[in-house]
Amino acid sequence: MNWLSGFADSIALRWEAAGPRSRLIIGALVVALIGMVGLTPKSFFGVPLAWPYVGLIAAVGWGRSGMAFGPMVLLVLFGFAQDASQAPWGSHGLANLLIFGLAVLVNQTFDTERTPFLSFILPVVTLFSGIALVWVTASISSGHIVRVTPMLTAYFATLVVHMLIAPLFDLGTRANMNRGSVG
Amino acid sequence: MPRLSGKGYRQRPLRRYGFFVAVAGLVALLLLQTSPRLSQGVEPIRTAASDQLFHVTRPSLMDRLSGASAKERQILELEARVRELAQYKALALTMAERLEVYEEILNMQGEPGGAEVTARIMAETNGPFAEALLANAGATNGVIEGYFAENDRGLVGRVVQVGQRSSRILKVTDFNSRVPVMGEASGLRAIMFGGRDGFGRLTDLPEQGAFLPNERILTSGEGGLFPRGVVVGHVRGVEGKEIRVDLAMLNGQLSYVRLKPAISIPTPEAFPVEPEPVELAEGDGS
């Protein structure tokens, strides 16, 4: 299995060498891919699947690199794509953008790199805030309290997927470092 | 809790303003949609986007990989078929009830019943001499010569030889088999024999009238060899003066057959001749 570890090492080296713009594009492609699959009916051997809010994952990940126009534009666009289902136009974009702002604020305020607990708990909180925001928007726009259970399952799906693909939304720069940014 | 200064955050006022402008824009967009007229105005955009992005009937990649989409399609087809058959069943039950009432009114004698046996086909002879089947039910099972055999689709043949534990069935595809049949819709009578190509042939056709294309062929019950109404097949086509019949039994399985008794019509009793009354001679008696 040497070839496999060699392949993984070369991928890791290439990722390390990639600039913020390349990483942003790769992250956007990942969001688009997962989002496109999410638009179709999903079930696994008959069991319906909860699909993650991958836009929120991207917002949390890109928020670690600080405020930038590129991620903001992409998050709003992703939001519009999500709104195409049946949500009011701008609702998902607003949630994505606000979570992006929250992630930027949190990462500039706290040193998440040096405190493992914070690096674990902050995405949990910010993603929950995002889901809660979507729930509030949906409840307001529909005129009644929407069901919580599907939102919770989507939240847990989002958390799990975040743990798996979070490194893909690392732009290689940090909000608390005064260097390198996108946009 | 470790805390950093918000230096970088403060150093990017343009981006910060951009962020707030975007948030404000989205909030404004959301608020605008509270107006029903505006909301209706943007609906075509949603419809167009939905057409492009969603194909709800299109199965997902995961469904395709797991085969769920094919199964789902099959389930939908079967459900539709079950619904259709349920309608036919209800109709058939109604008609059976009506038929029963009519038969009772007419005091009609129905087809006689009898012991039926399901037998497994042990051997099949498709040689040049005879097309026959050997079933594992014989005299000990109550089978007697003249029983007819049918599978899940229709008439298979007639028992021509019975052993203790086996019986030989002459298939309707055999050239020497003769089955009195009738058209289900036309009601025309004919005799069917087996052709050499796996189809039945109709002979002794009526002089007037013709079998309808694709018409179902049933046993007519004439001659008492087979009961009336057993499915034989359907009219396949006309070749010259011959009418070919697509045999229904070939569409079913031939591993098991149901052996059923043929009609046994009792011989009519001789007309009773009453003896003439003997005239008494005049003066006799009192």
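Two strands are taken to pair if DSSP finds at least two bridges between them. In the predicted model described here, five bridges join β4 of chain B to strand β5 (residues 167-171) of chain B, and the two strands run antiparallel. A hairpin through four residues connects β4(B) to β5(B). On the other side of the sequence, strand β3 (residues 148-150) of chain B is joined to β4(B) by three bridges, again in antiparallel fashion, and a hairpin of four residues leads from β3(B) to β4(B). B:Gly157 takes part in both pairings: B:Ala149 stands opposite B:Gly157 in β4(B), and the bridge partner of B:Gly157 in β5(B) is B:Lys171. Strand β4 of chain B spans residues 155-162, and six of its eight residues are buried, so β4(B) is largely enclosed by the rest of the structure.

Further along chain B, six strands close into a barrel, in the order β6-β7-β8-β11-β10-β9, with antiparallel pairing. Neighbouring strands of this sheet are turned by 45° against each other on average, direction ignored. Within the barrel order, β6 and β9 stand at the two ends of the list. Strand β6 (residues 179-183) of chain B is joined to β9(B) by three bridges, and the two run antiparallel. In this pairing, B:Gly183 is placed opposite B:Ile217 of β9(B).

The loop between β8 (200-203) and β9 (216-219) of chain B contains B:Asp204, and B:Asn214 is found in the loop between β8 and β9 as well. B:Asp204 has a positive phi of about 55° although it is not a glycine. For B:Asn214, also not a glycine, phi is positive at about 65°. B:Asp204 has 12 other C-beta atoms within 10 Å and therefore counts as exposed, the cut-off for this class being 12 or fewer. B:Asn214 is likewise exposed, because 11 other C-beta atoms lie within 10 Å.

Chain A has a secondary structure of seven helices and two strands. From the N terminus on, its elements follow the order α-α-β-β-α-α-α-α-α. Of the 183 residues of chain A, 39% count as buried. Among contacts in chain A with a separation of 6 or more, residues 24 or more positions apart account for 73%.

One pair at long sequence separation involves A:Ile25, which is located in helix α2 (residues 20-38) of chain A. The C-alpha atoms of A:Ile25 and A:Phe169 are separated by 9.7 Å, with their positions 144 residues apart along the chain. A:Ile25 is partly exposed, because 14 other C-beta atoms lie within 10 Å.

Helix packing in chain A was examined for α4 and α5. Helix α4 (residues 69-83) of chain A packs against helix α5 (residues 91-109) of chain A at an angle of about 150°, and their axes are 6 Å apart. The crossing of α4(A) past α5(A) is right-handed. On the side of α4(A), the residues that meet α5(A) include A:Pro71, A:Met72, A:Leu75, A:Val76, A:Phe78 and A:Phe80. The α5(A) side includes A:His92, A:Leu94, A:Leu97 and A:Phe100. By class, the contact of α4(A) with α5(A) comprises nine nonpolar, six polar and one charged residues.

How values were computed. Residues numbered from 1 in each chain as written. Chains lettered and ligands numbered in written order. Predicted model: local features only at pLDDT ≥ 70, side-chain atom pairs only at ≥ 80, totals over all residues. Axes fitted to C-alpha atoms, helices over the stretch in contact; angles between N-to-C directions. Left-handed = near helix turned anticlockwise from the far one by under 90°. Contact = placed C-beta atoms within 7 Å. Nonpolar A, V, L, I, M, F, W, Y, C, P; charged D, E, K, R; others polar. Buried ≥ 20, exposed ≤ 12 C-beta atoms within 10 Å, placed from the backbone.
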